[in-house]
Amino acid sequence: MTDYLPLLSGLIGALIGAGASVAAQMIQARSQNKRDRTKLIVDMALADQRHKFEIAAKGCLAMTLYPLPVFVHYHAGLLTLLESNAMTPETLKTLKEENGKIIDMLEGKPPRT
């Protein structure tokens, strides 16, 4: 048994080292995915807000112009629905209602029930 002790120790050490490396890679990949997802949401929100501002500037549409958090919330919810394959008329209606609550809060209106 003592003849195999160095071999066994080396094998256990290699497994621990490989496991630590794989765990570090997984943690880095997860944080990179989160950063990429956040960047995508903010980019979509900025493009949507810019588009609404351009339409309003042309006088084509009478609309209320909302701050960026409204667009970020909407696009984050939309992306979540897309990723979970749960986009239905009901879930979109729920997202719109949640976004309406944020708009009301930003405008100082009482919360919707």
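# Reading helix packing, residue by residue

Student: What covers the buried residues of helix 3?

Tutor: The cover includes helix 2. Keep in mind that this is a predicted model.

Student: Which residues of helix 3 are buried?

Tutor: Start with the general idea. An α-helix has 3.6 residues a turn, so residues three or four places apart point the same way. Now the case here: the buried residues in helix 3 are Leu-95, Asn-99, Gly-100, Ile-103 and Asp-104.

Student: How does the length of helix 3 compare with the length expected?

Tutor: Helix 3 runs over residues 89-107, which makes 19 residues. From its first C-alpha to its last it reaches 27 Å, close to the 27 Å expected at 1.5 Å a residue. After helix 3 comes Gly-108, with a positive phi near 80°.

Student: How many residues does helix 1 have, and how far does helix 1 reach?

Tutor: Helix 1 covers residues 5-57. It has 53 residues and spans 77 Å between its first and last C-alpha, close to the 78 Å expected at 1.5 Å a residue. Here too a glycine follows: Gly-59, whose phi is positive, near 75°.

Student: Which residues of helix 1 are buried, and what do they pack against?

Tutor: They are Ile-41, Ala-45, Asp-48 and Gln-49. These buried residues pack against helix 2.

Student: How do I describe two helices that pack together?

Tutor: Two packed helices are described by the angle between their axes and the distance between the axes. For helix 1 and helix 2, the axes come within 8 Å and cross at roughly 125°. That angle is neither over 145 degrees nor within 65 to 115, and the two helices are therefore oblique to each other. Their crossing is right-handed. Among the residues making the contact are Leu-40, Ile-41, Met-44 and Gln-49 of helix 1, and Leu-68, Phe-71, His-75 and Leu-79 of helix 2.

Student: At what angle do helix 2 and helix 3 pack?

Tutor: The angle is about 160°, and the axes are 10 Å apart. Angles over 145 degrees count as roughly antiparallel, so helix 2 and helix 3 fall under that heading. The crossing of helix 2 and helix 3 is right-handed. The contact includes Val-70, Tyr-74, Gly-77 and Leu-81 of helix 2, with Thr-91, Leu-95, Asn-99 and Ile-103 of helix 3 on the other side.

Student: Take one residue from helix 2. Is His-75 buried or exposed?

Tutor: Buried means under 20% relative accessible area. His-75 has 9%, so it is buried. It lies in helix 2, which covers residues 68-83. With neighbours within four places in sequence left aside, His-75 contacts Ile-41, Met-44, Ala-45 and Asp-48.

Student: Is Gln-49 buried or exposed, and what does Gln-49 touch?

Tutor: Gln-49 sits in helix 1. Its relative accessibility is 12%, so it counts as buried. Leaving out residues up to four places away in sequence, Gln-49 touches Tyr-66, Pro-67, Leu-68 and Phe-71.

Student: What about a residue between the two extremes?

Tutor: Thr-91, found in helix 3, has a relative accessibility of 23% and so counts as partly exposed. Thr-80 is in helix 2; its relative accessible area is 38%, so Thr-80 is partly exposed as well.

Student: Which residues does Thr-91 touch?

Tutor: Apart from residues up to four places away in sequence, Thr-91 touches Leu-81 and Ala-86. Thr-91 and Leu-81 are ten residues apart along the chain, and their C-alpha atoms are separated by 7.8 Å. Look also at the polar side-chain contacts. The Thr-91 side chain reaches the backbone oxygen of Ala-86 at 2.8 Å. It also reaches the backbone nitrogen of Thr-88 at 2.8 Å.

Student: How far apart in space are Thr-80 and Pro-111?

Tutor: They are 24 Å apart, C-alpha to C-alpha, with their positions 31 residues apart in sequence.

Student: Where does Asn-85 lie, and what is its phi?

Tutor: Asn-85 lies in the loop between helix 2 and helix 3. Its phi is near 55°, a positive value in a residue other than glycine. Exposed means over 50% relative accessible area; Asn-85 has 74%, so it is exposed.

Key. Residues numbered from 1 in each chain as written. Predicted model: local features only at pLDDT ≥ 70, side-chain atom pairs only at ≥ 80, totals over all residues. Heavy atoms only, no water. Helix = DSSP H or I, 4+ residues; strand = E, 2+ residues; numbered from the N terminus. Buried < 20%, exposed > 50% of the residue type's maximum accessible area, 1.4 Å probe, protein only. Contact = heavy atoms within 4.5 Å. Expected span 1.5 Å × (residues − 1). Polar contact = N/O pair within 3.5 Å; in protein donor to acceptor, adjacent residues only side chain to side chain. Axes fitted to C-alpha atoms, helices over the stretch in contact; angles between N-to-C directions. Parallel < 35°, antiparallel > 145°, perpendicular 65-115°, else oblique. Left-handed = near helix turned anticlockwise from the far one by under 90°.
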